[in-house]
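The following exercises treat helix packing, sheet order and backbone geometry. Each task is followed by a worked solution.

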Amino acid sequence: MSFDLKSLLRPHIAGLKPYSSARDEYAGKEGIFLDANENPYGSTAPGNFNRYPDPYQIEIKEKLAEIKKVKPDQVFLGNGSDEAIDLLLRAFCNPGKDNIIILPPTYGMYEVSAAINDVEIKRVPLCEDFQLQPQKILEAVNDFTKVIFICSPNNPTGNLMKKKDIYQVLENFNGIVVVDEAYIDFAPEVSMVAELEKYPNLVVIQTFSKAWGLAALRIGMGFASTQIISILNLIKPPYNISGLTQEKVLEALSLPNAVYGMVGKIMEGKNELVRKLEEMDEVIQVYHSDANFVLVKIPQAKEIYHYLIEEKIIIRDRSKVTLCDNCLRISVGTPEENEAFLTAFASYTKPTTK
Ligand SMILES: Cc1ncc(COP(=O)(O)O)c(C=O)c1O
């Protein structure tokens with residue numbers, strides 16, 4: 001395999017002159033700042049938000065680099081990992097010409113982002129056991145295939161993909177392979193970030209929205225070669241991570257053990273939820289989950305979903321999705337929330353007879 005990043009990149013991006021923000025030109029913290037047309041008096045809301053934030057979020061990247069054992073310039077931060085997905089498409093896929101490969105059932109934003117960018121979508125479904133079909137994926141590749149999205153643990157099925165299958169795709173495809181690890185903190189396997197040195201075409205995506213409990217701050221991570229990260233930096237909006245978000249994420253990173261405590265509680269809740277669902281006669285299958293949600297096959301999934309909404313319990317109906325006929329996806333809540341769900345679920349499947 002010969003991976004050539006330059007030939008993969010959209011030609012006009014290779015020659016792009018990026019916007020140079022005031023904070024790019026002078027990065028020091030001391031001085032009289034009359035360069036960015038800010039308000040010198042402070043903010044109209046409590047807190048100090050009158051200055052533009054660091055456009056490259058260096059402090060966060062240095063901390064993350066230590067935790068993830070990469071270099072700071074191998075880290076990209078986006079407004080949610082959804083921003084990284086969109087920027088990868090914009091960097092590598094010529095609208096109306098190139099294509100991406102997705103592996104349904106999988107996370108819906110790959111498809112939406114591709115559609116927004118007028119990029120063709122090729123679909124290679126997972127096997128019945130929700131694992132990859134590497135040979136079929138590679139057969140679907142043509143001269144215009146630029147990105148393959150692999151979600152592991154996968155949403156909505158919850159399972160990790162076998163690493164040997166991911167390696168097979170990485171080793172035999174000359175384009176970008178994105179491994180989306182939004183749920184990796186819940187999984188019993190190490191991240192693919194450890195493979196970055198070996199695979200120049202690998203991009204690993206993670207997020208602060210799940211295990212870290214920071215979904216509202218909108219911050220996601222991309223890890224890749226310094227060359228790929230510099231392309232994402234070139235095309236991102238100048239201040240894509242707000243100052244408030246940067247502040248809060250730095251606080252979270254200064255207490256990295258908090259995430260383990262929360263993950264432990266969520267995993268306990270999941271085991272209990274799975275055990276109780278498996279005891280229910282009506283449930284056809286509770287699929288193995290390496291994430292913080294479970295996929296359950298049950299007759300009348302759609303009706304149950306609507307019934308639960310009336311009970312103010314909101315889950316996800318995935319029954320229209322490839323290979324997920326009659327499937328519901330349930331996020332693990334607190335023990336009280338899980339119990340409320342189970343009680344309402346049981347009351348639908350076993351209505352009280354009068
Ligand atoms: C697999 C996967 N990737 C990415 C995301 C996006 O996460 P965010 O944009 O909040 O970082 C989600 C959100 O549900 C997801 O399930």
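Contact here means heavy atoms within 4.5 Å; axes are lines fitted to C-alpha atoms, for helices over the stretch in contact, and angles run from 0 to 180 degrees between N-to-C directions. Helices (H or I, at least four residues) and strands (E, at least two) are DSSP runs, numbered from the N terminus. The model is predicted, with local features requiring pLDDT of at least 70 and side-chain atom pairs pLDDT 80 or more, whereas totals for chains, interfaces and linings use all residues. Residues are numbered from 1 along each chain as its sequence is written, and side-chain values use heavy atoms, without hydrogens and water.

**Exercise 1. The seven-stranded sheet**

Determine the strand order of the open sheet of 7 strands, and identify which strands stand at its edges.

Solution. Step 1: two strands pair if DSSP finds at least two bridges between them. Step 2: the resulting order is 1-7-6-5-4-2-3, with mixed pairing. Step 3: strand 1 (75–78) and strand 3 (120–123) each have a single partner strand, so one side of each lacks a neighbour in the sheet. Step 4: direction ignored, neighbouring strands are turned by 25 degrees against each other on average.

Step 5: at one edge, strand 1 runs antiparallel to strand 7 (residues 220–223), and 4 bridges join the two. Glycine 78 stands opposite glycine 220 of strand 7.

**Exercise 2. Helices on that sheet**

State which strands helix 4 and helix 9 lie across, and at what angle each helix runs to strand 1.

Solution. Step 1: helix 4 lies across strand 1, strand 6 (202–207) and strand 7, running at about 125 degrees to strand 1. Step 2: helix 9 (residues 226–235) lies across strand 1, strand 5 (176–180), strand 6 and strand 7, and its angle to strand 1 is about 30 degrees.

**Exercise 3. Two helix pairs**

Classify the packing of helix 4 with helix 10, and that of helix 5 with helix 6.

Solution. Step 1: angles under 35 degrees count as roughly parallel, over 145 as roughly antiparallel, 65 to 115 as roughly perpendicular and the rest as oblique. Step 2: helix 4 (residues 58–68) and helix 10 (residues 243–253) have axes 10 Å apart at an angle of about 30 degrees; this pair is therefore roughly parallel. Step 3: a crossing is left-handed if the near helix is turned anticlockwise from the far one by less than a right angle, and right-handed if clockwise. The crossing of helix 4 and helix 10 is left-handed.

Step 4: helix 4 contributes Glu59, Ile60, Lys63, Leu64 and Ile67 to the contact, and helix 10 contributes Gln246, Val249, Leu250 and Leu253. Step 5: Ala, Val, Leu, Ile, Met, Phe, Trp, Tyr, Cys and Pro count as nonpolar, Asp, Glu, Lys and Arg as charged, and the others, Gly among them, as polar. The contact of helix 4 with helix 10 thus comprises 6 nonpolar, 1 polar and 2 charged residues.

Step 6: the axes of helix 5 (residues 81–92) and helix 6 (residues 109–116) come within 10 Å and cross at roughly 45 degrees. These two helices are therefore oblique to each other, and their crossing is right-handed. The contact involves Asp82, Ile85, Asp86 and Leu89 of helix 5, with Met109, Tyr110, Ser113 and Ala114 of helix 6. By class, 5 are nonpolar, 1 is polar and 2 are charged.

**Exercise 4. The four-stranded sheet**

Give the order of the open sheet of 4 strands, and locate the helices that pack on it.

Solution. Step 1: the order is 8-9-11-10, with antiparallel pairing. Step 2: strand 9 (residues 293–297) and strand 11 (residues 327–331) are joined by 5 bridges, and valine 294 stands opposite isoleucine 330 in strand 11. Step 3: helix 11 (residues 257–279) touches strand 8, strand 9 and strand 11, its direction making about 10 degrees with that of strand 9. Step 4: helix 12 (residues 301–310) touches strand 10 and strand 11, at about 35 degrees to the direction of strand 11.

**Exercise 5. Backbone exceptions**

Which peptide bond leads to proline 105, cis or trans, and where is phenylalanine 130 placed?

Solution. Step 1: most residues other than glycine have a negative phi, and most peptide bonds are trans. Step 2: the bond from proline 104 to proline 105 is cis, with omega near 0 degrees; proline 105 lies in the loop between strand 2 (99–102) and helix 6. Step 3: phenylalanine 130, not a glycine, has a positive phi of about 65 degrees, and belongs to the loop between strand 3 and helix 7 (134–140).
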